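Hello,

Here is the structure we discussed, with my notes underneath. Please have it open while you read them.

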Amino acid sequence: MPDQTKENSAPAPGATPHIDTVLFDYGQVLSNPPDPAAWAVMRTVTGLDEATLHAAYWAYRHDYDRAALTGLAYWRAVAAHAGTAFDAAQIAALFDADVTLWTSLNLPMVEWAARLQAAGIRTGILSNIGDSIAEGIVAKLPWLSGFYHCTWSHALFMAKPEPAIYLKTAEALDTPPANILFIDDREDNVAAATAVGMTAIQYTTYPDFKRQMHTRGFAHLLDIEEPSTKELSADRNN
């Protein structure tokens, strides 16, 4: 359980909060924007043009993220929205393409997360994501196991920006919201995190993120380095 003394303490107005945990969104923070090559595969598999596929893909995504739809039901809904139907082989190919769509990595952020973990700073993920794509991403990216806790929205039957998902994530991280730095690409998700007491930064580009981190007093986190081999050896011997 979170330390109640810490939970009830807040930084003085204007003070930089004490951050124990860095919480990442996955899509377009740890990953790059959707991979154009994967979109092209989806167009080929579905036979749909870009505009039709794009509209159908996003129409039911929030329901998929909240587990109102399973992966299979989601792709059937996408097909119906586009006025067509997908057979089992098409849906299997779309599952694979959807994972590829979201696994082009934003290496500066992935590498920073690894440096935080190596330095002993707690990290987590809070991502709106459906069941099938989450399973595919976890299977494809073994480094995700380095995070203290990953909250995949479908598992909680809720999604950002619902306040409860932030509080559930803070509880799973064993960290009060006031001691969490949350990074997300969407303004509404950042606002919701701030409303529950987290410190939050909207991610657009890595240079802008670096600027915000320095401006807001978190340069010590951004500039952290992995412990040297000598330091790690000394730690093990103590």
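Arg-186 and Asp-188 form a salt bridge in this predicted model, with their closest N and O atoms 3.0 Å apart. Asp-188 has a relative accessible area of 33%, so this residue is partly exposed. Arg-186 is also in the partly exposed class, because its relative accessible area is 46%. The structure holds 7 salt bridges, and two others are described next.

Which residues are linked in a network of salt bridges? They are Asp-25, Lys-160 and Asp-184.

Take the side chains of Asp-25 and Lys-160 to begin with: they meet at 2.9 Å, N to O. This pair links distant parts of the chain, 135 residues apart. Asp-25 sits in the loop between E1 and H2, while Lys-160 sits in the loop between strand E3 (149-152) and helix H10 (163-172). Both Asp-25 and Lys-160 are buried.

Lys-160 also forms a salt bridge with Asp-184, where the closest N and O atoms are 2.7 Å apart. Asp-184 belongs to strand E4 and Lys-160 to the loop between E3 and H10, so this pair ties together parts that are 24 residues apart in sequence. Are these two residues buried or exposed? The cut-off for buried is under 20% relative accessible area. Lys-160 counts as buried because its relative accessibility is 2%. Asp-184, at 0%, is buried as well. As general background, side chains of opposite charge can pair when their charged atoms come close.

The other item is helix H8, residues 107-118. Its 12 residues, at 1.5 Å a residue, should span 16 Å, and the C-alpha atoms at its ends are 16 Å apart, so the model agrees with the expected value. Just after H8, Gly-120 has a positive phi of about 85°.

Which residues of H8 are buried? They are Met-109, Val-110, Trp-112, Ala-113, Arg-115 and Leu-116. On helices in general, there are 3.6 residues a turn in an α-helix, so residues three or four places apart point the same way.

The buried residues of H8 pack against these elements:

- strands E1 (21-24), E2 (122-127) and E4 (180-184)
- helices H2 (26-30), H12 (206-215) and H13 (219-222)

Strand E4 thus appears in both parts of these notes: Asp-184 lies in it, and the buried residues of H8 pack against it.

Regards

Notes: Residues are numbered from 1 along each chain as its sequence is written. This is a predicted model: local features need pLDDT of at least 70, side-chain atom pairs count only at pLDDT 80 or more; totals for chains, interfaces and linings use all residues. Side-chain values use heavy atoms; hydrogens and water are left out. Helices (H or I, at least four residues) and strands (E, at least two) are DSSP runs, numbered from the N terminus. The expected span of a helix is 1.5 Å times one less than its number of residues. Buried means under 20% relative accessible area, exposed over 50%, partly exposed in between (1.4 Å probe, protein chains only). Contact means heavy atoms within 4.5 Å. A salt bridge is a side-chain nitrogen of Lys or Arg within 4 Å of a carboxyl oxygen of Asp or Glu.
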